[in-house]
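Dear colleague,

Please find below the structure that I am handing over to you. The findings follow it, arranged by topic.

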2 protein chains.
Amino acid sequence: MDNNLDLFFAAIADPTRRAVVERLVEGPASVSELHAPHQMALPSFMKHLGKLEEAGLVRSVKSGRVRTLHIEAAPLADAEAWLNRQRGQWSRRLDRLQALAEANEEVSQ
Amino acid sequence: MDNNLDLFFAAIADPTRRAVVERLVEGPASVSELHAPHQMALPSFMKHLGKLEEAGLVRSVKSGRVRTLHIEAAPLADAEAWLNRQRGQWSRRLDRLQALAEANEEVSQ
DNA sequence: GAGATTGTTATCCATTTGGCTAAGTTACGC
DNA sequence: GCGTAACTTAGCCAAATGGATAACAATCTC
């Protein structure tokens, strides 16, 4: 029911950020670990991390000079729920249509 | 496995466009029907419809002067699958951690 | 066939996004 | 305490986004 789906979906619309998520579901990681596989300059990359955190998809704590990020499962579930609701609605509609079609067949027999 | 998740997630990151999707899962509708509940000017609104179609979430056919849009279920399912994979991975990790913790308890008893 | 409906095309504009470099700051490690 | 590692801040830039208006095109309806 809560609505930061805007930020969430915007966050995972970017391939770099989806890659970060795919890494983080394996477990927490530091900024440089996350950055390593990506070409771009660190400050650019940090902006992506910022978006993820802003969307509530990721949390982070800094200890000493290293910041460790971990994923937050709840928003993933919320977004999945929204998608699932839409698909559910759509398929309920298909069912109704099919029922209607069958009823019509009976009549015309 | 196909990867237009970029466009798909970007498409549903916007509240106007999510509202359109929520309407379209109830059944097809014309441009003006879809536009009616929204404040914005029609050309602005049409850009949103364009994004949805570009993302493959929506198809449309024009007959006479009215264009009718309907939703395409497959991309919804693909996106849901991606989210579900991430959550799955994350919870598998939690399970491993818990197993580890329990193993440790046994040792220390 | 005149007028209203329903889209469409063409511009314009401010803001956001996603990249960069350069120059800090903070904490280890020797 | 010096140097390096690990971010962080500031500022620049081009392109994309999300809105607007104005004018056009096509098709119903009377």
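**Contact between chain A and chain B**

Between chain A and chain B, ten residue pairs are in polar contact, both residues being at pLDDT 80 or more. A polar contact is a pair of N or O atoms within 3.5 Å; within protein, one must be able to donate a hydrogen and the other to accept it, and residues adjacent in sequence count only if both atoms are side-chain atoms. On the side of chain A that touches chain B, α1 (5–12), α2 (15–24) and α5 (73–108) each supply at least two residues. Helices (H or I, at least four residues) and strands (E, at least two) are DSSP runs, numbered from the N terminus. The largest share of this side, 13 residues, comes from α5(A). By class, the side of chain A that touches chain B has 19 nonpolar, five polar and seven charged residues. Here Ala, Val, Leu, Ile, Met, Phe, Trp, Tyr, Cys and Pro count as nonpolar, Asp, Glu, Lys and Arg as charged, and the others, Gly among them, as polar.

Please note the basis of these values. This is a predicted model, in which local features need pLDDT of at least 70 and side-chain atom pairs count only at pLDDT 80 or more, while totals for chains, interfaces and linings use all residues; side-chain values use heavy atoms, with hydrogens and water left out. Residues are numbered from 1 along each chain as its sequence is written, and chains are lettered from A and ligands numbered from 1 in the order in which they are written.

Chain A and chain B each give 31 residues to the contact (heavy atoms within 4.5 Å). The area buried between the two chains is about 2,900 Å², and carbon and sulfur atoms give 64% of it. Buried area is the accessible area (1.4 Å probe) that two parts lose on being put together, summed over both. In chain A, the residues that lose the most area to chain B are A:Arg18, A:Glu80 and A:Trp90, together 21% of what that side buries.

**Salt bridges**

Side chains of opposite charge can pair when their charged atoms come close. A salt bridge is a side-chain nitrogen of Lys or Arg within 4 Å of a carboxyl oxygen of Asp or Glu. The rule finds four across the interface of chain A and chain B, and the structure holds four over all chains. One of them joins B:Arg18 and A:Asp6, at 2.6 Å from N to O. This pair crosses between chains, from helix α2 (residues 15–24) of chain B to helix α1 of chain A. In another, A:Arg87 pairs with B:Glu80, and the closest N and O atoms are 2.6 Å apart.

**DNA strand C**

DNA strand C is surrounded by 20 residues, the closest being A:Lys47, A:His48, B:Ser32, B:Met46 and B:Arg65. A residue is near a molecule or strand if one of its heavy atoms lies within 4 Å of it. Of the strand's atoms within 4 Å of the protein, 64% belong to sugar or phosphate and the rest to bases. Phosphate oxygens of DNA strand C lie 2.8 Å from a polar backbone atom of A:Ala41 and 3.0 Å from an N or O atom in the side chain of A:Lys51. A base oxygen of this strand is 2.4 Å from an N or O atom in the side chain of B:Arg65. Two or more residues each come from α4 (42–54) of chain A and from α3 (31–35), α4 (42–54) and β3 (66–71) of chain B. The largest share, five residues, belongs to α4(A).

**DNA strand D**

Around DNA strand D there are 21 residues, of which A:Ser32, A:Met46, B:Lys47, B:His48 and B:Gly64 come nearest. Sugar and phosphate make up 61% of the atoms of this strand within 4 Å of the protein. Phosphate oxygens of DNA strand D lie 3.1 Å from a side-chain N or O atom of B:Arg17 and 3.0 Å from a polar side-chain atom of B:Lys51. With five residues, α4(B) gives the most to the surface near DNA strand D.

**Shape of chain A**

Chain A has five helices and three strands, in the order α-α-β-α-α-β-β-α from the N terminus on. The radius of gyration of chain A, taken over C-alpha atoms, is 21 Å, well over the 13 Å that the globule rule (2.2 Å times the number of residues to the power 0.38) gives for 109 residues, so the chain is more spread out than a compact globule.

With kind regards
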